[in-house]
Amino acid sequence: MTEKLSKTMLDMVGIASGTVMAPLLNSKPGQAFLSMLPGQVLLASLDAVNKVLDAVEVAEKQALSATSTAATRMMTDRYGERAGEATEDVLAAAGNLASTAWNVFKIRKAFTPKSTATSGLLNNAPKYK
């Protein structure tokens, strides 16, 4: 349930930030910002970071799923059906925790993209002409 709640909240943040960003980027100051090369580089950099994070999330989910299946099967074979079910429950909880943590990280990044940027480009973008 926590994972579903955080996913719903992330979706709402995406919708809210989209409704705020669209008019901002279509405004005269927004167009002036986008016309600057560093602004375009900044947006491309943030987009690239988002794509990398999405790929990491997919890889994490696939690895956790494969590990969970193998561990559950191994526990069932060695210690019985109840041990396998317990292992499956524990690993499902760990997967939900990981997904919730990713969603919280994405929500934080959506509100404050500067908190996840590693270069000074984001801090200095308005200074470049």
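Is Leu 64 buried, partly exposed or exposed, and at what relative accessibility? Leu 64 counts as partly exposed because its relative accessibility is 24%, and partly exposed is the class between under 20% and over 50%. The views below are taken from a predicted model.

**View 1. The protein chain as a whole, with its five helices.** The protein chain has zero strands, and its elements follow the order α-α-α-α-α from the N terminus. Of its 129 residues, 21% are buried. About 9000 Å² of the protein chain is exposed, and 66% of this area comes from carbon and sulfur atoms. Where contacts join residues at least 6 apart in sequence, 62% of them link residues at least 24 apart.

**View 2. Confidence along the protein chain, from helix H5 to helix H4.** The mean pLDDT of the protein chain is 75, with 62% of residues at 70 or more. Confidence is highest in helix H4 (residues 81–111), where the mean is 86. It is lowest in helix H5 (residues 121–124), with a mean of 52. Predicted coordinates should not be read in detail where pLDDT is low.

**View 3. Leu 64 in helix H3 and its contacts with Ala 94 and Gly 95.** Helix H3 covers residues 37–79 and includes Leu 64. Neighbours within four places in sequence are set aside here; beyond them, Leu 64 is in contact with Ala 94 and Gly 95. Leu 64 and Ala 94 are 30 residues apart along the chain, and their C-alpha atoms are separated by 8.9 Å. Gly 95 is one of the buried residues of H4, whereas Leu 64 is partly exposed.

**View 4. Helix H4, its span and its buried residues.** H4 has 31 residues, which at 1.5 Å a residue should span 45 Å. The end C-alpha atoms of H4 are 45 Å apart, so the model agrees with that expectation. Among the buried residues of H4 are Gly 84, Thr 87, Ser 99, Thr 100, Asn 103 and Ile 107. Lys 106 and Lys 109 are also included in the buried set.

**View 5. The aromatic pair of Trp 102 and Phe 105.** The count of aromatic pairs comes to one. Trp 102 and Phe 105 form this pair in an edge-to-face arrangement, 6.0 Å centre to centre and with 85° between the planes. The pair counts as edge-to-face because its angle of 85° is over the cut-off of 60 degrees. Both residues lie in helix H4, three residues apart, or about one turn of the helix. Trp 102 is buried, with a relative accessible area of 16%, while Phe 105 is partly exposed at 27% relative accessibility.

Terms used: Residues numbered from 1 in each chain as written. Predicted model: local features only at pLDDT ≥ 70, side-chain atom pairs only at ≥ 80, totals over all residues. Heavy atoms only, no water. Helix = DSSP H or I, 4+ residues; strand = E, 2+ residues; numbered from the N terminus. Buried < 20%, exposed > 50% of the residue type's maximum accessible area, 1.4 Å probe, protein only. Contact = heavy atoms within 4.5 Å. Areas by Shrake-Rupley, 256 points an atom, 1.4 Å probe, with all protein chains shown as cover. pLDDT = per-residue confidence, 0-100. Expected span 1.5 Å × (residues − 1). Phe/Tyr/Trp six-rings, centres within 6.5 Å; stacked < 30°, edge-to-face > 60°.
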